[in-house]
Amino acid sequence: MRRFYTATLVLIALAVGSVSISAQTSDYRVKKNFEERYAELKSSISEAMTVQEIDSLRIEIEDFEYYNEDHDKLLDNALYPETFESSIEELKQRARAAEHKLLIIENQNEKLTQLSNELSTYKSEIANLNDRTDSLRNAILASEESESDLSNLVERYRKSMEERDEFVLNMIDSLFITYKDMQGKALAEFTEENGPRALQEEDNPLHVIESVIEENIQILKADNGTLQTEDYLRMYVVQNRFSEVWNQIGDDLTRIYAGNKSAEWENNIEDKLGDWKASASRNMWASMDNYLESNNVDLGAFDSNESFYKSIEQFVSKATDASREKVITDENYADFQAFYDFWNGKIKKDWGKFVQEGEVLTMNQISTIDTEIMTWRDEAKPKSFLIPILFGLSLLTIVGLIIVLARK
């Protein structure tokens, strides 16, 4: 009987031990399976190339979480200091971050493709307009037509130049809209994933920008005085806008499209922008000076916003002082009227848009000159001498009466 009892205890102990070993083995397998699947999902998230892949992985993470929920306490102990919940949350966070990055890349790729198509259109249109303006300019130079026919040619040439400048502005605005949001981390992620974009020369925005700048420099340097001051003002505004946009997105463009030659491209384009600015500025200020001279307004020398403003201010100040010192001011008022017509008719009306956009004069400067011109007008306005004369005659009459009465 004692042997039977002992044997029974041994069997029970073996059974309990077997169950314990089986449980330990099962717990170990749960932990091992969790860690292996966790590592697989983590690796898949890092290697995902599309948003669709990430969406599929997010579903797999949810399934992974669901099938392990019953072992959460076990995994909390096995994964210490991490927990089941924190491990699942890390996978979800990695998936969200990867999706955000891939959305940026896909969005920017779409924008860049759209931009390439737009650039091709702009380049084609600008080339057509270049051909047309070149033909018109050559026709003007070789023209033996009548004065009216020549005038029509010149007007067509000016219109063609205006259309061309409009296309250039549209192109640079498209560049700005595309790249203005590609800043900081978003651009770094995009460039890191894609590297520099290898495009054909005709599709690379850097080559397109370079060619547009060179064409504008050529047009300005080949100018024969056919254009008018408002044309040069418009071209000056186009250059200013071009430079402004380049300063904001130039670094991004070279980072994406120039690769290891980014510094070389940036310096090259900035040098050419400087040449373009010098040519546009020189032609614009010279044309304005010629216009003033032909209208008998001598402001002296100016070649910048600051010197132009000072010339106007000094001109108005001297004219005001001259009017104040003279008794008869009919001639001074005619001078005032000539300048007033130029100021309000040309500077503020006909040229107003370009004067402000190109910062030829700032709004504060215009307001200051307006005030000084009104002071000049008051001083130059012809004065009536009728009242002083009548007052003098009345005074003489009174004095005469006093003398007559005194003699009596």
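**Exercise 1. The two sides of a helix**

Which residues on the other side of α13 are exposed? Work from the predicted model, and set these residues against the buried ones of the helix.

*Solution.* Begin with the extent of the element: α13 covers residues 363-380, which makes 18 residues, and its first and last C-alpha atoms lie 25 Å apart, close to the 26 Å expected at 1.5 Å a residue. Next, collect the residues of α13 that are buried, namely Gln-365, Ile-366, Ile-369, Ile-373, Trp-376 and Ala-380. Viewed down the axis of α13, these buried residues fall within an arc of 90 degrees, so they line one face of the helix. Finally, turn to the other side of α13, where Met-363, Asn-364 and Thr-371 are the exposed residues.

**Exercise 2. The chain as a whole**

Determine how many helices and strands the protein chain has, and describe its contacts and surface.

*Solution.* The count of secondary structure gives 14 helices and zero strands, and the pattern read along the sequence is accordingly α-α-α-α-α-α-α-α-α-α-α-α-α-α. Of the 408 residues in the protein chain, 35% are buried. Among contacts with a separation of 6 or more, 77% are made by residues 24 or more positions apart. The accessible surface comes to about 24300 Å², and carbon and sulfur atoms account for 51% of that area.

**Exercise 3. Two residues of α8**

Establish whether Asp-231 is buried or exposed, and then find which residues Asn-240 touches beyond those up to four places away in sequence.

*Solution.* Place Asp-231 first: this residue belongs to helix α8, which spans residues 229-257. The relative accessibility of Asp-231 is 2%, and because the cut-off for buried is under 20%, Asp-231 counts as buried. Its side chain makes a polar contact with the side chain of Arg-234, at 3.1 Å. Asn-240 is likewise found in helix α8, and, once residues up to four places away in sequence are set aside, Asn-240 touches Lys-277 and Gly-358. For the pair Asn-240 and Lys-277, 37 residues apart along the chain, the C-alpha separation is 7.5 Å.

**Exercise 4. A loop residue**

Decide where Asn-296 lies, and whether this residue is buried or exposed.

*Solution.* Asn-296 sits in the loop that runs between α9 (262-294) and α10 (305-325). With a relative accessible area of 72%, Asn-296 is exposed, since the cut-off for that class is over 50%. As a last step, compare sequence with space: Asn-296 and Phe-339 are separated by 43 residues in sequence, while their C-alpha atoms are 8.9 Å apart.

Note on methods:
Residues are numbered from 1 along each chain as its sequence is written. This is a predicted model: local features need pLDDT of at least 70, side-chain atom pairs count only at pLDDT 80 or more; totals for chains, interfaces and linings use all residues. Side-chain values use heavy atoms; hydrogens and water are left out. Helices (H or I, at least four residues) and strands (E, at least two) are DSSP runs, numbered from the N terminus. The expected span of a helix is 1.5 Å times one less than its number of residues. Buried means under 20% relative accessible area, exposed over 50%, partly exposed in between (1.4 Å probe, protein chains only). The arc is that of the directions from the helix axis to the C-beta atoms. Contact means heavy atoms within 4.5 Å. Accessible areas come from the Shrake-Rupley method with a 1.4 Å probe; for residues, only the protein chains shown count as cover. A polar contact is a pair of N or O atoms within 3.5 Å; within protein, one must be able to donate a hydrogen and the other to accept it, and residues adjacent in sequence count only if both atoms are side-chain atoms.
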